[in-house]
Amino acid sequence: MSDVSASRNPLLTPLARSTTTSDLAVESIRSAILAGRLKPGDTLVERRLAEQLGVSKTPVREALIALAGAGLVTVSPNRGATVREVTARDVRHAYEVRLLLEPWAVARTVKEDRTAATAAHAALDEAKARLHGRDQVPMSLANRRFHRALYAGCGNPLVVGQLDAVADLATLGALTLIWQRSPSWEAEHAEHAEILAACSAGDAEAASRLLRTHIRTSLRRLPA
């Protein structure tokens, strides 16, 4: 069969995306790490996690591989899977990647995807509702969804993939390093509102500039 015929008659039918048991395991373990219930250096035993989650070991194993790729879990031949001991330097590297890519991606999203602001508004509203609560994890995850809503429509899956890859480290850095040292979530929320206003107005240049300032400010809040 020629390449042209194959493209008109694909051999495989694309699968519909659905939430799998592995996805749910990822979210549960990620939340436990971000909340500090699983602490840096803790050993992650597949059997024990599977029992607690009420699933088989396979989705747990897949979840740990995914979280290792996201930088929250370390897998070694001797110790197996452990919660990564994240340093300020690790988080700084994640923010530097964001500084290089995210302002460009948001500017492109403003130009390419006018629906992105709707999802960002929802995430910003959720973060606002959490501002004065005791649990900072849901607020931080809402902030993460806010940022993703504004860069995911840039049209470049490589850039989106790179930003997704450092999102967990950036979230953990905000929770354990920035906010513990400088409770800045209200200031960050105000910065997010300014960024979103520029996006909603279709001002890509202002959105990119405000986001760059926002990320640089977060970098300054990191411990040396």
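This passage walks through a strand hairpin, some salt bridges, a helix residue and the main pocket of a predicted model.

The strands make an easy starting point. Strand E1 covers residues 73-76 and strand E2 covers residues 80-83; the two run antiparallel and are held together by 4 bridges. Getting from E1 to E2 takes a hairpin of 3 residues. Within this pairing, Val75 finds its bridge partner in Ala81 of E2. Thr74 also sits in strand E1. With a relative accessibility of 34%, Thr74 falls in the partly exposed class, because that class lies between the 20% and 50% cut-offs. Once neighbours within four places in sequence are set aside, Thr74 touches Gly80, Ala81, Thr82 and Arg84. Leu100 is another matter: Thr74 and Leu100 are separated by 26 residues in sequence, and their C-alpha atoms are 26 Å apart in space.

Next come the charged pairs. Side chains of opposite charge can pair up when their charged atoms come close. Across the whole structure, 11 salt bridges turn up. One of them brings the side chains of Glu27 and Arg30 together, with an N to O distance of 2.3 Å. Both residues belong to helix H2 (residues 21-34), and because they are 3 residues apart there, about one helical turn separates them. Their surroundings can be told apart by accessibility: Glu27 is partly exposed at 40%, whereas Arg30, at 9%, is buried. Arg30 gets that label because its value is under the 20% cut-off.

A second pair, Glu102 and Arg98, has its closest N and O atoms 2.8 Å apart. Here too the partners share a helix, H5 (residues 88-112), and the spacing of 4 residues again amounts to about one turn. Glu102 and Arg98 are both buried.

The salt bridge between Arg148 and Asp164 has its closest N and O atoms at 2.9 Å. This one ties together distant parts of the chain, with Arg148 in helix H7 (residues 136-151) and Asp164 in helix H8 (residues 157-181), 16 residues apart. Both ends are partly exposed, Arg148 at 37% relative accessibility and Asp164 at 26%. Some salt bridges also share partners, and in this way Glu27, Arg30, Arg144 and Asp168 are joined into one network.

What about His189? This residue is found in helix H9 (residues 185-200). A relative accessibility of 13% puts His189 among the buried residues, because anything under 20% counts as buried. Leaving out neighbours within four places in sequence, the contacts of His189 are Leu124, Ala127, Lys128 and Leu131.

That leaves the empty space. Rolling a probe the size of a water molecule over the atoms shows where such space remains. The largest pocket has a volume of about 540 Å³. Its lining takes in 30 residues, and those nearest the centre are Arg144, Arg145, Ala167, Asp168 and Thr171. Two or more lining residues each come from H2, H4 (57-69), H5, H7, H8, H9 and H10 (204-221). Helix H8 gives the most, with 9 residues. By type, the lining splits into 13 nonpolar, 7 polar and 10 charged residues. Two names here are already familiar: Arg144 and Asp168 lie among the residues nearest the pocket centre, and both also belong to the salt-bridge network with Glu27 and Arg30.

How values were computed. Residues are numbered from 1 along each chain as its sequence is written. This is a predicted model: local features need pLDDT of at least 70, side-chain atom pairs count only at pLDDT 80 or more; totals for chains, interfaces and linings use all residues. Side-chain values use heavy atoms; hydrogens and water are left out. Two strands pair if DSSP finds at least two bridges between them. A salt bridge is a side-chain nitrogen of Lys or Arg within 4 Å of a carboxyl oxygen of Asp or Glu. Buried means under 20% relative accessible area, exposed over 50%, partly exposed in between (1.4 Å probe, protein chains only). Contact means heavy atoms within 4.5 Å. On a 1 Å grid over the protein atoms alone, a cavity is a set of points where a 1.4 Å probe fits but cannot get out, and a pocket is an open set with protein on both sides within 12 Å along at least five of seven lines; lining residues have an atom within 4 Å of a point. Grid points are joined across faces, edges and corners, and a volume is the space filled by probe spheres set on the points. Ala, Val, Leu, Ile, Met, Phe, Trp, Tyr, Cys and Pro count as nonpolar, Asp, Glu, Lys and Arg as charged, and the others, Gly among them, as polar.
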